[in-house]
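Work through the exercises below with the sequence and coordinates open. Try each task before reading its solution.

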Amino acid sequence: MNPSHDIRYVLQTIKHNPVTCPVLIVLGIESQAQRQVLKPLLNVYKKQKNFTIKYAQGHHDVHNNSPELVAPYVVKFLNNQKSKL
């Protein structure tokens with residue numbers, strides 16, 4: 001079980017241990033509460049070149065309920081990444 005951490009802890013963690021791989025975040029436009037909670041984190045990620053943040057029509061579970069809305073973002077993200085394999 002993971003302990004709950006507040007946003008300050010998360011911000012400190014990413015400051016000291018930044019994510020270096022390419023990351024895609026897709027959020028539902030209608031998830032106002034989630035976007036509000038994640039706002040400080042998203043503000044940090046928006047400044048980083050390796051993060052791509054997209055918004056799809058739907059709620060938190062848009063990836064489950066309407067995968068056809070999320071799929072174009074995922075396909076474009078994967079096609080644009082240069083693999084070292």
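The exercises go from the whole chain to single residues, and the model is a predicted one.

**Exercise 1. The fold in outline**

Task: State how many helices and strands the protein has, and give their order from the N terminus.

Solution.
- Step 1. Count the elements. There are 4 helices and 2 strands.
- Step 2. Read them off from the N terminus. The order is α-β-α-β-α-α.
- Step 3. Look at the contacts with a separation of 6 or more. Residues 24 or more positions apart account for 68% of them.

**Exercise 2. Box, surface and charge**

Task: Describe the overall extent of the protein, its accessible surface and its charged side chains.

Solution.
- Step 1. Take the C-alpha atoms along the principal axes. They fill a box of roughly 35 × 35 × 30 Å.
- Step 2. Turn to the surface. The accessible area is about 6800 Å², and carbon and sulfur atoms hold 57% of it.
- Step 3. Ask how much is buried. Of the 85 residues, 20% are buried.
- Step 4. Count the charges. The protein carries 11 positive and 4 negative side chains. The centres of these two sets lie 18 Å apart.

**Exercise 3. The geometry of helix 2**

Task: Compare the end-to-end distance of helix 2 with that of a straight helix, and locate the kink.

Solution.
- Step 1. Set the limits. Helix 2 covers residues 32-46, which is 15 residues.
- Step 2. Work out the straight case. At 1.5 Å a residue, a straight helix would reach 21 Å.
- Step 3. Compare. The end C-alpha atoms of helix 2 are only 18 Å apart, short of that value.
- Step 4. Find the bend. A kink of about 60° lies at lysine 39, shortly before proline 40.
- Step 5. Classify the residue at the kink. Lysine 39 counts as partly exposed because its relative accessibility is 44%, between the cut-offs of 20% and 50%.
- Step 6. Add a distance. Lysine 39 and isoleucine 7 are 32 residues apart in sequence, yet their C-alpha atoms are 9.6 Å apart.

**Exercise 4. The packing of helix 2**

Task: Name the buried residues of helix 2 and the elements they pack against.

Solution.
- Step 1. List the buried residues. They are Leu41, Leu42 and Tyr45.
- Step 2. Recall the helical repeat. An α-helix has 3.6 residues a turn, so residues three or four places apart point the same way.
- Step 3. Find the partners. The buried residues of helix 2 pack against helix 1 (7-16), strand 1 (23-28) and strand 2 (51-56).
- Step 4. Check valine 44, also in helix 2. At 28% relative accessibility, valine 44 is partly exposed. Leaving aside neighbours within four places in sequence, valine 44 contacts Leu11 and Ile14.
- Step 5. Add a distance. Valine 44 and leucine 69 are 25 residues apart along the chain, with 25 Å between their C-alpha atoms.

**Exercise 5. Two loops in contact**

Task: Is serine 31 buried or exposed, and which residues does it touch beyond four places in sequence?

Solution.
- Step 1. Place serine 31. It sits in the loop between strand 1 and helix 2.
- Step 2. Classify it. Serine 31 is buried because its relative accessibility is 8%, under the 20% cut-off.
- Step 3. List the contacts. Serine 31 touches Gly58, His59 and His60.
- Step 4. Go to the other side. Histidine 59 is in the loop between strand 2 and helix 3 (62-65). Beyond four places in sequence, histidine 59 contacts Gly28, Glu30 and Ser31.
- Step 5. Classify histidine 59. Its relative accessibility of 49% makes it partly exposed.

**Exercise 6. After the last helix**

Task: Place glutamine 81 and give its C-alpha distance to proline 22.

Solution.
- Step 1. Glutamine 81 lies in the segment after helix 4 (67-80).
- Step 2. With a relative accessible area of 32%, glutamine 81 is partly exposed.
- Step 3. Proline 22 is 59 residues away in sequence, and the two C-alpha atoms are 7.7 Å apart.

Conventions: Residues are numbered from 1 along each chain as its sequence is written. This is a predicted model: local features need pLDDT of at least 70, side-chain atom pairs count only at pLDDT 80 or more; totals for chains, interfaces and linings use all residues. Side-chain values use heavy atoms; hydrogens and water are left out. Buried means under 20% relative accessible area, exposed over 50%, partly exposed in between (1.4 Å probe, protein chains only). Contact means heavy atoms within 4.5 Å. Accessible areas come from the Shrake-Rupley method with a 1.4 Å probe; for residues, only the protein chains shown count as cover. Lys and Arg count as positive and Asp and Glu as negative; His and the chain ends are not counted. The place of a charge is taken as NZ of Lys, CZ of Arg, CG of Asp or CD of Glu. The expected span of a helix is 1.5 Å times one less than its number of residues. The bend at a residue is the angle between axes fitted to the seven residues ending there and the seven starting there.
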